[in-house]
Amino acid sequence: MKFCTLAFVVVVPALLAQEKQDRLVRNTEPLAPEQEMKGFHLPEGFRVNLFASEPMINKPINMAFDAKGRLWVSSTVEYPYAAAKDRWMDKAGSRVKDSRDAIKILEDTNNDGRADKVTNFADGLNIPTGIVPWTKKGHVSGCIAWSIPNIWYFGDVDGDDDADVREVVFGPLGYEKDTHGMCSSFRLGSDGWIYATHGFNNTSRFRKADGTTLELHSGNVFRFQPSGAAVELWSAGQVNPFGLCWDRYRNLYSADCHSNPVTQLLKGAVYPSFGKPHDGLGFAPVMCEHSHGSTGLCGIVYVDNGTWGAEWQDRILLGNCVTSRINQDQVTFTGSTPRARERPDFLTSDDLWFRPVDLQLGPDRALYVADFYNRIIGHYEVPLDHQGRDKERGRIWRITGPVTGKPAPFQPERAISLIRRKEVEKASLPELVERIRLCPKEDPTRRHVLRMGLRDKLRTGDAAFVSARLLNESQKKVVDDVVIAVATPSAAEWAHERLGNEALSFVVRNVSGTRLEGVVDSEVMNGNVALLRNVYEALLERGGKMPQSLLKRASALAEQLLTETEKQSADWSTIAFVPHPSTESPWGVDERKTTTGASIKVVTSLNKSRKTPEKLTGVLKSRPFKAPESVSFWICGHIGPPKTKPNGLSYVRLLSDEGKELKRVLPPRNDVCRKVTWDLVGFVGQTVRLEVTDGDAGGAYAWIGVGGLVAGSLSLDSFSSEEMRRDDLKTLASILRASAPIGLRDRLRPYSPEVVKIAPRKPQPELNALIAGRVDRYSKLNPDPKRGEAAFKAVCAVCHAIRGQGASLGPQLDGIGTRGLARLMEDILDPARNVDSHFLVKEFTLRDDSQVTGFVRAELGQSWVLVDAAGQERRISKGDVKSERLLGVSLMPQGFGQSLPEPLLADLVAWLLTQ
């Protein structure tokens with residue numbers, strides 16, 4: 001089940017009433033179905049009636065109609081806890097002792113629009129979700145459904161609508177990490193395959209009939225033959241898809257609880273999923289650029305083909321179980337490319353226990369809505385055993401629309417399957433290349449389908465590349481643009497010849513073994529550490545080792561850079577800020593905008609490669625130089641939170657040879673650089689020096705940056721060079737960690753990857769008191785959402801995104817305001833309390849007994865990509881791992897929220913509660 005996957009975040013008095021209404025744990029009491037129905041609001045011309053409710057059903061999840069017009073429903077009372085194995089009645093888990101979970105058949109025998117007959121087709125189940133009626137030859141009726149731990153076939157042999165047969169189609173599959181991220185939304189396609197979603201965080205391994213396997217981790221869409229003879233990936237990526245539907249052109253769409261409300265799913269395409277890489281072609285086009293204010297979208301239908309008349313043609317309806325609404329989008333096409341335009345909500349409810357988790361259009365052209373009716377919908381928002389979770393009530397609503405109209409005319413250019421057959425499969429490689437070259441930019445979906453077709457043709461082997469070599473130069477560039485999605489030795493040879501170092505990582509990962517050492521030895525030149533790093537990481541993915549020739553080259557390069565560092569008499573030196581000395585220098589190089597709109601390089605104490613950079617302090621001191629007539633530079637940065645008195649702890653100053661201060665300027669309290677010019681006519685010829693000081697150890701608004709220095713012979717360029725050399729040495733230290741001679745290893749130790757320790761959690765009573773105090777004092781601080789938005793951009797957006805703005809290191813936070821004040825304070829001040837298991841930190845012990853901690857962002861071949869507590873990526877070879885263990889903590893630093901000044905934290909919460 002996939003209601004919403006939120007892991008971290010963060011009202012002004014005027015918003016308190018709304019906050020009480022929208023919190024995920026509703027503070028109202030349940031209503032009878034008739035009372036709930038009175039609070040529904042629908043467009044003119046639509047009517048709603050109750051189709052079924054408790055005690056006929058309990059907690060509906062997925063629905064499907066059979067050929068007789070009967071509604072099949074999967075219902076669960078066990079959720080969110082999977083039944084323990086000691087309750088399984090057999091090894092496969094076909095029945096669970098004392099479970100009320102079941103697949104039910106609902107029938108309206110007198111055609112009054114309300115179910116009057118219910119049959120338990122399969123009972124004793126374990127959180128059943130996806131369901132689709134399908135009957136084996138010789139059986140009277142049957143269905144295929146998910147129930148932990150398998151995809152099952154349930155068959156009725158004797159015609160009493162009670163499953164006599166329970167057979168495993170595929171399994172066991174993943175459910176252990178997350179019972180809202182399992183297989184669901186089963187839909188029988190016109191091609192005879194069953195289409196299904198695979199949810200967040202779990203890993204499932206399907207064993208195919210030929211003995212090969214298909215592994216799915218977290219969000220994906222797949223399809224399988226009902227007999228179990230075949231299973232294949234349809235599209236990769238997404239975070240937590242839940243709900244599938246087709247339009248009249250047989251284009252497939254899904255809802256997604258976390259990454260995008262509506263996605264058109266192209267066969268073989270890849271979609272974003274928490275920083276996972278695409279396939280080399282780039283992510284497939286996005287059709288929806290709004291969030292509907294929630295990350296809890298469940299269930300989707302496409303209204304077209306005259307279902308409700310011309311006015312309702314090409315509408316998508318989505319269940320929003322967080323906001324208790326059914327959202328609406330209107331779809332328009334440019335060629336084959338759909339766009340979703342947000343329209344007024346289709347249904348709103350006065351009763352916020354209304355939780356629409358699945359939608360289906362019935363054979364009577366009515367919309368059926370599965371209502372999980374509950375006080376609590378979130379999976380992580382409160383403890384799983386929270387007593388407020390309702391276990392009895394559930395409803396299914398039937399909504400009828402206007403008189404049906406005529407089907408709209410069929411437009412072939414909108415049908416992706418026709419494009420694939422006519423323009424891809426039947427085309428020769430040169431014809432397909434030319435179609436890609438001439439494809440209009442306004443139709444990115446068609447272009448992506450054509451490019452995927454070219455990718456598939458190139459995967460067929462050497463003959464395809466022989467044909468490609470006969471193309472003209474403009475056509476070969478089309479192949480260049482696709483080739484890195486073709487992971488074959490032939491593709492690697494093409495990329496090596498035509499793309500050079502630009503595709504070096506791809507070449508190293510895929511070139512034949514006999515060519516490997518020759519490729520890396522010829523391409524990686526002395527002094528190019530970036531290329532060396534690319535080769536190293538590609539070899540990790542391949543499961544290979546660095547050739548001795550490259551290790552020798554890396555050692556020689558490290559020796560050279562270390563010698564340069566030790567000998568250099570730099571223009572700049574770094575010293576500690578004595579009142580608050582840091583254990584490491586804060587200084588780094590970044591790009592910043594100036595007031596003129598141009599970008600310049602600045603030396604800054606907001607060094608993103610450091611852990612909690614704004615807490616670090618230090619002084620950057622220049623060598624002595626003769627004062628010219630003037631000195632100018634650009635300065636940016638902050639000296640305390642906005643609207644507070646400047647603390648004056650960060651500044652740039654000019655000192656005489658005797659240490660007397662001649663000039664001083666403070667940061668402008670802005671991320672944009674402002675120009676400063678000092679008139680030094682009275683000091684010309686005297687020996688002076690510059691100091692850039694960050695003495696502010698605060699956790700936010702505590703940094704300074706300086707660039708564009710014009711001061712006689714003095715320049716900041718040498719610092720930039722030193723910083724680049726330091727980064728190169730860090731890369732080389734990682735590469736040579738196990739192979740450098742002992743003397744070189746000792747010299748590289750200061751540049752070796754830091755082992756980031758995860759802070760232990762504070763005692764719970766202390767944290768509970770802290771959270772309660774912050775909640776109690778919140779409204780008295782008069783929090784300002786506008787200041788809170790700026791705070792989010794400064795301290796949160798490095799990991800989280802809202803409305804597409806920010807990074808995807810941590811969970812997307814659209815709709816986070818529904819958590820309410822107390823829960824947001826809890827999430828920020830105690831991030832490990834309710835952390836999503838996907839973001840729990842792992843500790844790896846390597847074969848040299850060193851340790852690495854972080855969460856696994858991606859698995860690339862034979863390597864893991866980890867993100868540590870400083871937000872830095874690191875790759876480790878699976879072959880180097882001796883052991884691993886899961887730590888019960890979040891990657892978000894335990895003291896993060898506590899480091900924010902209380903007024904700033906209140907501002908941040910005020911803004912988040914509006915999201």
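Reader: Which residue is the bridge partner of Ala370 in S27?
Author: In this predicted model, where local features need pLDDT of at least 70 and side-chain atom pairs count only at pLDDT 80 or more while totals for chains, interfaces and linings use all residues, strands are DSSP runs (E, at least two residues) and helices are runs of H or I with at least four, both numbered from the N terminus. Residues are numbered from 1 along each chain as its sequence is written, and side-chain values use heavy atoms, leaving out hydrogens and water. Strand S26 (residues 367–371) runs antiparallel to strand S27 (residues 395–400), and five bridges join them. In S27, the residue that partners Ala370 is Ile396.

Reader: Which strands stand at the edges of the sheet S2-S27-S26-S25?
Author: Two strands pair if DSSP finds at least two bridges between them, and here four strands form an open, antiparallel sheet in the order S2-S27-S26-S25. Each edge strand has a single partner, so one side of it is left without a neighbour in the sheet, and these strands are S2 (47–53) and S25 (356–361).

Reader: How many degrees does the twist average from one strand to the next in the sheet S7-S8-S9-S10?
Author: Strands S7, S8, S9 and S10 form, in that order, an open sheet with antiparallel pairing, and within this sheet S8 (residues 141–147) meets S9 (residues 150–156) over seven bridges, with Ser141 opposite Asp156 in S9. For the angle, axes are lines fitted to C-alpha atoms (for helices over the stretch in contact), and angles run from 0 to 180 degrees between N-to-C directions. From one strand to the next, the average twist is 20°.

Reader: What is the mean pLDDT of the protein?
Author: The pLDDT is the predictor's confidence in each residue, from 0 to 100, and 91% of the residues reach 70 or more, with a mean of 87.
Over residues 1–22, however, the pLDDT is below 50. Where pLDDT is low, the predicted coordinates should not be read in detail. With that caution kept in mind for residues 1–22, the mean for the protein is 87.

Reader: Which helix gives the most to the largest nonpolar core?
Author: A nonpolar core is a set of buried Ala, Val, Leu, Ile, Met, Phe, Trp, Tyr and Cys residues joined through side-chain atoms within 4.5 Å, where buried means under 20% relative accessible area, exposed over 50% and partly exposed in between (1.4 Å probe, protein chains only). The largest such core has 76 residues, and those with the most contacts inside it are Leu454, Leu458 and Met546. Eight residues of this core come from residues 529–542, and the helix that gives the most is H11.

Reader: Is Val433 buried or exposed?
Author: Val433 has its place in helix H4 (residues 429–438), and, not counting residues up to four places away in sequence, it touches (contact means heavy atoms within 4.5 Å) Leu454, Leu471, Gln475, Val478 and Val479. Because its relative accessibility is 0%, Val433 counts as buried.

Reader: How many disulfides does the structure hold?
Author: A disulfide is a pair of cysteine sulfur atoms within 2.5 Å, and the structure holds zero. Cys288, for example, is in no disulfide, and its nearest cysteine sulfur, that of Cys245, is 13 Å away. The sulfur of Cys298 is 3.6 Å from the closest cysteine sulfur, in Cys321, which is too far for a bond. The number of disulfides is therefore, under the cut-off of 2.5 Å, zero.
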